Amino acid sequence: MRLFSSFACRDVRARNRIVASPMCQYGSVDGRLTDWHLAHLGRLGIGGAGIVFVEETAVAATGRKTHACAGLWDDDQVPSFRRVAALLDGVGAVPAIQLGHAGRRASTHEARRDWAPLRDSDRAAGLPPWRAVGPSPVPVDPGWPVPAALTPAGIDDLVRAWAAAASRAVAAGFRIVEIHGAHGYLLHQFLSPVTNRRTDGYGGSRPARMRLAVEVTEAVRAALPAGVPLFFRVSCVDGRGGAWSLEDTVELARVLRSRGVDVVDCSSGGIAGDSAMPLLRRVPGYQVEFAHAVRRRAGVATMAVGLITEPRQAQAVLDSGACDLVGLARELLVRGDWPHAAAVELGEPAPYDLLPPAYAFRLRRRDTVARMPLNDPEAAGDPTEDELRVLDST
Ligand SMILES: Cc1cc2nc3c(=O)[nH]c(=O)nc-3n(C[C@H](O)[C@H](O)[C@H](O)COP(=O)(O)O)c2cc1C
């Protein structure tokens, strides 16, 4: 079954094609991950996902959306990420991380509050605002602070910051790195003519608007060992008032593939207004068609994401040839063990294999014992070597 077949890319082999998509928790302290991240991400790894992504992690302090966002702009932040990567590795999931920069969407309150820009009045609560940057001085909405247009020197610094953060991610033990080029954040702001009004080499024509995404990709690829896969998340179409189209995305994907991107992670929206505002009707699998088009036309592996919630649906999406990986986010918040439960539902022969050995042994044993007729242990079937060892020792 394709959902539970392994996914091999460069030196990485994931145990299945289920990906825990990045999910900001707004629980970091000075960019560092905390115990909450260990619990949250550990739960997703324990539940059987093949690849588990750490949330968008800022490559520069000023590229955070909020004071509580994760970041890898400093070597001191690495140990907190190493704990998470080690935990994920230990439970059989491939530790993966998304690197990002919020651009003009930096310096805001958390999503669960109102995602509004920080103001001077927030200083008293320990949340001083900072000046956001972007391709052009175009605010998110009327009344939002006007971002500073990045200078060429500022762009160079940022490209170096992406590469440095990628190196730190590898040093922390992450085995897949994703560049966040979607959802109206910095790279998407450069891609879309809605937000990019530049007249230098980074604006105007499509190749010029793609230039920063390509430069960041080249720098990150160069910073990664050859065996580490590189993913790129793109908004396949803009959000409200958008001008970046699926055609543009296919062209971008072709270029990114030629620069060493292994998987294009196909999302959408976010360029204007509320970045969570739906542009597409939120029907099951609402972005799958994008992943399919990119895979077919750009000849690159894709990840489909967006309201993929049911095992048979996930299997069908993969069987349709739309993608190589399926990403789940919100469903995993309520069903952290979705991969294991999906394996049971779809009749996979060894669903407990997705769980850590400490769980799997006891669950297999429970099934064996349930089959035993009373007072007739012989009839329970032969215990496995592992079972005999533990029966002897407990
Ligand atoms: C709590 C939460 C936080 C998110 N944070 C990120 C993020 O850090 N980076 C990102 O690219 N997408 C983020 N997303 C989007 C998800 O990765 C995913 O693409 C989206 O929720 C659609 O998938 P779903 O229908 O399975 O939830 C977030 C979504 C949620 C629900």
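**Helix packing and ligand shell**

Colleague: How do helix H3 and helix H5 pack in this predicted model?

Modeller: Helix H3, residues 152-171, packs against helix H5, residues 206-223, at an angle of about 35°, and their axes lie 8 Å apart. The crossing of H3 and H5 is right-handed.

Colleague: What makes the contact between H3 and H5?

Modeller: H3 brings Ile-155, Val-159, Trp-162, Ala-163, Ala-166 and Ser-167, while H5 brings Leu-212, Glu-215, Val-216, Ala-219, Val-220 and Ala-223. These residues divide into ten nonpolar, one polar and one charged. Glu counts as charged, so Glu-215 of H5 accounts for the charged one.

Colleague: Why is the approach of Gln-98 to the ligand called a polar contact?

Modeller: A side-chain N or O atom of Gln-98 is 2.8 Å from a nitrogen atom of the ligand, and because a polar contact needs a pair of N or O atoms within 3.5 Å, the pair qualifies. By that cut-off the backbone N or O atom of Pro-22, 2.8 Å from a ligand oxygen atom, also qualifies, as does the polar side-chain atom of Arg-233, 2.9 Å from an oxygen atom of the ligand.

Colleague: How much of the ligand does the protein bury?

Modeller: The ligand exposes 600 Å² when taken alone, and the protein buries 83% of that. The shell around the ligand divides into eight nonpolar, five polar and three charged residues.

Technical notes
Residues numbered from 1 in each chain as written. Predicted model: local features only at pLDDT ≥ 70, side-chain atom pairs only at ≥ 80, totals over all residues. Heavy atoms only, no water. Axes fitted to C-alpha atoms, helices over the stretch in contact; angles between N-to-C directions. Helix = DSSP H or I, 4+ residues; strand = E, 2+ residues; numbered from the N terminus. Left-handed = near helix turned anticlockwise from the far one by under 90°. Contact = heavy atoms within 4.5 Å. Polar contact = N/O pair within 3.5 Å; in protein donor to acceptor, adjacent residues only side chain to side chain. Areas by Shrake-Rupley, 256 points an atom, 1.4 Å probe, with all protein chains shown as cover.
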